[in-house]
Amino acid sequence: MFELMDKAPADPIMGITELYNTDTNPNKINLSMGVFKDEQGNTPLLSCVKKAEAKIYATEDTKAYSAIEGFSSFNDAVLPLIFGADHEAVTSGRSATIHTPGGSGALRIVGDFLTKLSPSNTIWVSDPTWVNHINIFETAGLQVKRYPYFDKTTNGLAFDTMMSALKDIPAGDTVLFHGCCHNPTGVDPSNDQWQQISDLVHGNGLMPVLDFAYQGFAEGIREDGEGPLKLVQPGKETLICGSFSKNFALYNERTGSLTAVAADAAAVNIATSQIKSVIRAIYSSPPAHGGIIVSTILNDPELRTQWESELKQMRERIQNMRQLLAETLTAKGVPGDHSFITRQRGMFSFSGLNPTQVEQLKNDHSIYIVGNGRINVAAITPDNCDALCEAIANVS
Ligand code: LMR
């Protein structure tokens, strides 16, 4: 009966790479999917990962199932990585982290968990948001609604408009926030704005979910948590989805985390038991290898130091490319003030290019970006930036 179904549309992000792969132009540029590239255009395996894998290979003696929640060596190392070891959410024992198949896996578990908690649950996402958020939550049975986030006139945060929309959300609804390096805009609230968001969310009885997929890509592991972790208030619930795709470059190992923060230690036990029953019904237990890599690195002081330095190098390369992109656009005479590119954070820049221009870039210049104008700055190199800006000048 398969022929009775309609063909599904290509994925708005991964489908672009599928198209890119069929393009025979030797000068093609792929700035669609959020993947870090080095100056040579390769997505490197971090040296700390390679060393950890050698260590694992020498000592691993079983491929027996891991627990539903993954290995405790991973979970116990990731919880303090997110918060800092002396954070109240850690020391109080009211938080628990589990290992998930990527950040997407964590988000899907959240979706199923919330549907189980309350079948008519509504989740509010920023407008715009990562397109797959909507796909994941709708598939999990949640109703998805949007709150305003981006101000096109300033290329910044529409803070006041966002706050007044958040005020109108009924108590009991869930609200998704991006921890840092907002995808697709690269625009984050300031620490002071996070405090106001947190007070509103908890004051109005809303349930916050934090998608913290880019921890370490804006300013640093601890620094990136300062604002968004204000959402974690004593005695209040929060769910945090993490990913090691970007900060450990473990993309294809599908390694992520889900952290439940509850009112107290007894409540987090209940939440974890429900999350485990959700997982058992989807994939039973997580793929182990990526989790073992992360825990090996986090639990080895030398590898951990090396990881932090490699993460810093990735972060700084992206910041350099932001600078180069803004300067080259200006040099090529592309109209407008491009300084906003250097204020946005993380991998993405919401370029302001419209769907027609995105099509022209693809058809006339073999440059592939996401339909909403999102550019992966982490795939720009000193070698391709000139051609990219020349092409943007052509379609502007
Ligand atoms: C992206 O937004 O490009 C990344 O998060 C990768 C993905 O799965 O879409």
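Where is the place of P128? P128 sits in the loop between β3 and α6, with helices (H or I, at least four residues) and strands (E, at least two) taken as DSSP runs numbered from the N terminus. The model is predicted, so local features need pLDDT of at least 70 and side-chain atom pairs count only at pLDDT 80 or more, while totals for chains, interfaces and linings use all residues. Residues are numbered from 1 along each chain as its sequence is written, and side-chain values use heavy atoms, with hydrogens and water left out.

**Backbone geometry**

Most residues other than glycine have a negative phi, and most peptide bonds are trans. The table lists exceptions in loops.

| Residue or bond | Feature | Angle | Place |
|---|---|---|---|
| D127 to P128 | cis peptide bond | omega near 5° | P128: loop between β3 and α6 |
| N183 to P184 | cis peptide bond | omega about 20° | P184: loop between β7 (174-178) and α8 (191-203) |
| A249 | positive phi | phi near 50° | loop between β9 and β10 |
| R254 | positive phi | phi near 45° | loop between β9 and β10 |

A249 is buried at a relative accessible area of 12%, whereas R254 is partly exposed at 34%. Here buried means under 20% relative accessible area, exposed over 50%, and partly exposed in between, with a 1.4 Å probe and protein chains only.

**Helix α10**

Helix α10 covers residues 265-282, 18 residues in total. From its first C-alpha to its last it reaches 26 Å, close to the 26 Å expected at 1.5 Å a residue; the expected span is 1.5 Å times one less than the number of residues. At the N-terminal end of α10, D264 acts as a cap, with a side-chain oxygen 3.2 Å from the backbone nitrogen of A266. After the helix comes S284, which has a positive phi near 70°.

V268, A271, T272, I275, V278 and I279 are the buried residues of α10. Seen down the helix axis, the buried residues of α10 fall within an arc of 120°, so they line one face; the arc is that of the directions from the axis to the C-beta atoms. An α-helix has 3.6 residues a turn, so residues three or four places apart point the same way. The buried residues of α10 pack against β2 (95-100), α5 (102-117) and β10 (256-261), where contact means heavy atoms within 4.5 Å. On the other side of α10, the exposed residues are N269, I270, R280 and A281.

**Helix α3 and the enclosed space**

The 12 residues of α3 should span 16 Å at 1.5 Å a residue, and the end C-alpha atoms are 17 Å apart, which agrees. Buried residues of α3 are F74, N75, A77, V78, L79, L81, I82 and F83. G84, just after α3, takes a positive phi of about 95°.

Rolling a probe the size of a water molecule over the atoms shows where empty space is left. On a 1 Å grid over the protein atoms alone, a cavity is a set of points where a 1.4 Å probe fits but cannot get out; a pocket is an open set with protein on both sides within 12 Å along at least five of seven lines; lining residues have an atom within 4 Å of a point. Grid points are joined across faces, edges and corners, and a volume is the space filled by probe spheres set on the points.

The whole structure holds 3 cavities of 30 Å³ or more. The largest cavity has about 70 Å³ of space, and its lining consists of L81, I82, F212, Q215, G242, S243, F244, N247 and S257. Two or more of these lining residues come from each of α3 (72-83) and β9 (238-243).

The largest pocket has about 670 Å³ of space. Its lining comprises 29 residues, of which M33, S104, W130, K246 and R254 lie nearest the centre. α5 and α6 (131-139) are the elements that give two or more residues to this lining.

**T122 and K332**

T122 belongs to strand β3 (residues 122-127) and is buried, with a relative accessible area of 5%. The side chains of T122 and Q143 are joined by a polar contact of 3.5 Å, meaning a pair of N or O atoms within 3.5 Å; within protein, one must be able to donate a hydrogen and the other to accept it, and residues adjacent in sequence count only if both atoms are side-chain atoms. Neighbours within four places in sequence aside, T122 is in contact with Q143, K145, D173 and T174.

K332 lies in the loop between α12 (301-331) and α13 (340-343) and is partly exposed at 27% relative accessibility. Leaving aside neighbours within four places in sequence, K332 is in contact with D386, C389, E390 and A393.
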